[in-house]
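User: Please take a close look at one part of this model and then set it in the context of the fold around it. I would like the cut-offs behind each term stated as you go.

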Amino acid sequence: MKRIMVVTLALTLLSASIAFTATSAPKKIDILFNEKELKTQADAEARIIDGRVYIPANILRSARFSVEYKNSTLHLVNSYFLYTRNLMEMHVLNQVFTTRFNKIDQEVVHILGKVILEEPVDFSRLQQFIEEAELNVGIRPEVFTPVQDYNSFDFSPARESVEAYKKASRELIAYVDTGDKERLKSFYQERKQALEYYDSYTNVYDLIFKASFTSAVR
């Protein structure tokens, strides 16, 4: 979703987001971006040429654009968009992952009830929920903008929590098959580890979300 606008150096702005007023060429042209005036320098002001308004690209830095000229191409990136995209991607990740993780935990509790009652146990739903959770444990680097000291790999506790629950499920299956209480003990240890990783994920998620929000609105 990364949006890069490539334009020529003589940048013509026709966007409705930028308002301008001009009565004559010598008069200073005010540039408003989202109703906020962008500051200009005496030697880098907007000009009217053949009925069109031209502005130096570096003026857009005041509107939170990064401006880079390289290989005859002008690259403009809006930082507000990047951090807002972080918030959207993180919201989707959290909704999907937490739903899958809670399904895993609920199914484990259901299975334990069957084990206690010595009833037949079906592990297929648990394995399905684990597989689904494994597919939703992070954000692709290309759609996540690093913020402060955090990058897309800082969501690793989510992946680690699923891995721990996968190990726990193997131990529970082994206990049901063998009756070996050491395997049951291992199950509880791995499940505890999975829940601790999940708590770590929620803490990291909150920190990164707040950092992205702060970067988006500052």
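Does Asn86 count as buried or exposed, and at what relative accessibility?

Analyst: Asn86 counts as buried, at 0% relative accessibility, where buried means under 20% relative accessible area, exposed means over 50%, and partly exposed covers the range in between, with a 1.4 Å probe and protein chains only. This is a predicted model, in which local features need pLDDT of at least 70 and side-chain atom pairs count only at pLDDT 80 or more, whereas totals for chains, interfaces and linings use all residues. Residues are numbered from 1 along each chain as its sequence is written, and side-chain values use heavy atoms, with hydrogens and water left out.

Asn86 sits in helix α1, residues 79–116; helices are DSSP runs of H or I with at least four residues, strands are runs of E with at least two, and both are numbered from the N terminus. Leaving aside residues up to four places away in sequence, Asn86 touches Val143, Phe144, Thr145, Val147 and Ser212, a contact being heavy atoms within 4.5 Å. Helix α1 itself has 38 residues and reaches 55 Å from its first C-alpha to its last, close to the 56 Å expected at 1.5 Å a residue, the expected span being 1.5 Å times one less than the number of residues. Just after α1, Glu118 takes a positive phi of about 55 degrees.

The wider setting is a protein with four helices and nine strands, whose elements run β-β-β-β-β-β-β-β-β-α-α-α-α from the N terminus on. Of its 218 residues, 37% are buried, and among contacts with a separation of 6 or more, 63% join residues 24 or more positions apart. The accessible surface comes to about 13,500 Å², with 51% of it belonging to carbon and sulfur atoms; these areas come from the Shrake-Rupley method with a 1.4 Å probe, and for residues only the protein chains shown count as cover.

Helix α1 also takes part in a charged pairing. Side chains of opposite charge can pair when their charged atoms come close. The structure holds seven salt bridges, each being a side-chain nitrogen of Lys or Arg within 4 Å of a carboxyl oxygen of Asp or Glu. In one of them Arg125 pairs with Glu107, the closest N and O atoms being 3.6 Å apart. Since Arg125 lies in helix α2 (residues 124–134) and Glu107 in helix α1, the pair ties together parts that are 18 residues apart in sequence. Arg125 is partly exposed, with a relative accessible area of 47%, whereas Glu107 is buried at 7%.

Another salt bridge joins Lys166 to Glu134, with the closest N and O atoms 2.4 Å apart. Here Lys166 in helix α3 and Glu134 in helix α2 are 32 residues apart, so that the pair links distant parts of the chain. Glu134 is partly exposed, with a relative accessible area of 29%. Arg140 and Glu142 also meet in a salt bridge, at 2.9 Å from N to O; Arg140 is partly exposed at 48% relative accessibility, and Glu142 is partly exposed at 46%.

Helix α3 spans residues 156–178, and its end C-alpha atoms are 33 Å apart, which agrees with the 33 Å that its 23 residues should span at 1.5 Å a residue. Gly179, just after α3, takes a positive phi of about 75 degrees.

Phe187 belongs to helix α4 and is buried, with a relative accessible area of 1%. Beyond residues up to four places away in sequence, Phe187 touches Val108, Leu112, Ala168, Glu171 and Leu172.

Helix α4 also carries aromatic pairs, of which a search of the whole structure finds ten. The rings of Tyr198 and Tyr201 have their centres 6.2 Å apart and their planes at 40 degrees, so this pair is tilted; rings of Phe, Tyr and Trp (its six-membered ring) pair if their centres lie within 6.5 Å, with planes under 30 degrees apart counted as stacked, over 60 as edge-to-face and the rest as tilted. Both residues lie in helix α4 (residues 181–217), three residues apart, or about one turn of the helix, and Tyr198 and Tyr201 are buried. Tyr201 and Tyr205 form a tilted pair as well, because their ring centres are 6.0 Å apart and their planes are at 45 degrees. Being four residues apart in helix α4, Tyr201 and Tyr205 are separated by about one helical turn, and Tyr205, like Tyr201, is buried. Ring pairs link these tyrosines with Phe97, Phe101, Tyr165 and Phe209 into a cluster that includes Tyr198, Tyr201 and Tyr205.
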